[in-house]
Amino acid sequence: MSATKTSAPAPERKRGSGVKVVYDLLRDEILDLVLPPGSPIDEVQLAERFQMSRTPIREALVRLAGEGLIDTLPNRSTMVANLDFLNMAPFFDALTLMYRVTTQLAAQNHRPADLEAIRARQAEFAAAVAAQDALAMIATNAAFHAAIAEAGRNPYFNSLFSRLLDEGRRFLRLYYQSYDDRLPQQFVDEHEAMIAAIVTRDTAAAERLGKAHAEQIVEQIQKLMVGEKRLEIPL
């Protein structure tokens with residue numbers, strides 16, 4: 001009589017891996033605006049979707065809340081955080097300042113290893129632009145500017161710039177959407193010009209290019225938010 005064949009047990013999930021799966025997927029969906037600002041987050045539905053208990057779901061949501069991507073309301077319901085349009089102007093002022101100062105300081109203080117890191121991040125950004133991968137563009141653009149900030153040797157500016165880039169990820173998603181995720185070569189070229197100024201330690205050019213790069217992003221997003229058409233009413 002042959003032994004009864006039993007199916008092998010499912011491989012045990014490593015501790016914390018379930019949290020990472022939920023966190024990574026929800027984060028991408030929030031940043032890609034698949035989950036729009038203000039949309040509700042239901043733990044029960046997520047548990048069913050991921051076939052997990054609610055514990056890793058809650059832990060993933062706590063991480064997302066820590067990044068400002070999810071809000072928990074007084075009635076304990078959870079939603080995707082709204083975009084903070086009221087503070088757009090001061091946010092863009094701070095972002096532009098960080099583009100300027102970090103690029104200038106990188107031109108002044110960089111070391112040979114910094115240039116290798118900056119060029120590597122630029123290659124990744126160019127590849128993301130060529131692939132029209134919006135989420136990769138956002139991530140590689142942030143990594144590029146973080147590498148420049150690192151070369152500037154000021155940890156306080158590094159920390160502030162990283163925080164601003166994190167907070168502005170969904171604004172950048174709208175920015176890329178305004179180009180149908182087909183960024184012109186101009187944006188890759190602007191990065192290259194910034195690298196050239198850093199390499200030659202031209203601090204004035206580095207600051208000017210950082211400012212121009214930031215300002216065109218700000219202007220495009222403001223145009224997207226407000227629109228260019230006005231209602232013409234004859235009186």
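**Helix 1.** I began with helix 1, residues 17-31, in this predicted model; its 15 residues reach 21 Å from the first C-alpha to the last, close to the 21 Å expected at 1.5 Å a residue. I then looked up which of its residues are buried, and found Gly 18, Val 19, Val 22, Tyr 23, Leu 26, Glu 29, Ile 30 and Leu 31. In general, residues three or four places apart in an α-helix point the same way, because there are 3.6 residues a turn. What do the buried residues of helix 1 pack against? I noted helix 2 (43-50), helix 3 (54-66), strand 2 (70-72), strand 3 (78-80), helix 6 (134-151) and helix 8 (169-177) as their partners. Just after helix 1, I recorded a positive phi of about 65° at Leu 33.

**The sheet.** I turned next to the strands and found an open sheet of three, in the order 1-3-2, with antiparallel pairing. Strand 1 (40-41) and strand 2 are at the edges and have a single partner strand each, so one side of each lacks a neighbour in the sheet. Between strand 2 and strand 3, which run antiparallel, I recorded three bridges, and I saw that Ile 70 stands opposite Val 80 in strand 3.

**Second largest pocket.** Ile 70 came up again here, as one of the residues that line the second largest pocket, to which I assign about 280 Å³ of space. Its lining also includes Ile 41, Glu 43, Arg 54, Arg 58 and Thr 72. Which element gives the most to this lining? I found that helix 3 does, with five residues, while strand 2 supplies at least two. By class I entered five nonpolar, three polar and four charged residues for this pocket.

**Largest pocket.** For the largest pocket I noted about 330 Å³ of space. Of the 14 residues in its lining, I listed Gly 68, Asn 82, Asp 84, Glu 167 and Arg 170 as the closest to its centre. Helix 4 (88-109), helix 7 (155-167) and helix 8 each give two or more residues to this lining, and I found the largest share, three residues, in helix 8. The classes I wrote down are five nonpolar, three polar and six charged.

**Cavities.** How many cavities of 30 Å³ or more does a search of the whole structure find? I noted two. The largest cavity holds about 80 Å³ of space, and among the residues that line it I wrote down Phe 91, Phe 92, Leu 95, Tyr 99, Phe 171 and Ile 217. Helix 4, helix 7, helix 8 and helix 10 (203-226) each give two or more residues to that lining, with the largest share, four residues, coming from helix 4. I entered ten nonpolar residues, one polar and no charged for the lining of the largest cavity.

For the second largest cavity I recorded a volume of about 40 Å³. Ile 217 is listed in its lining too, together with residues that include Phe 125, Asn 141, Tyr 175, Tyr 176, His 191 and His 213. The elements I found giving two or more residues here are helix 8, helix 9 (185-199) and helix 10. Its lining divides into six nonpolar, three polar and no charged residues, and I closed the entry with that count.

Conventions. Residues are numbered from 1 along each chain as its sequence is written. This is a predicted model: local features need pLDDT of at least 70, side-chain atom pairs count only at pLDDT 80 or more; totals for chains, interfaces and linings use all residues. Side-chain values use heavy atoms; hydrogens and water are left out. The expected span of a helix is 1.5 Å times one less than its number of residues. Buried means under 20% relative accessible area, exposed over 50%, partly exposed in between (1.4 Å probe, protein chains only). Contact means heavy atoms within 4.5 Å. On a 1 Å grid over the protein atoms alone, a cavity is a set of points where a 1.4 Å probe fits but cannot get out, and a pocket is an open set with protein on both sides within 12 Å along at least five of seven lines; lining residues have an atom within 4 Å of a point. Grid points are joined across faces, edges and corners, and a volume is the space filled by probe spheres set on the points. Ala, Val, Leu, Ile, Met, Phe, Trp, Tyr, Cys and Pro count as nonpolar, Asp, Glu, Lys and Arg as charged, and the others, Gly among them, as polar. Two strands pair if DSSP finds at least two bridges between them.
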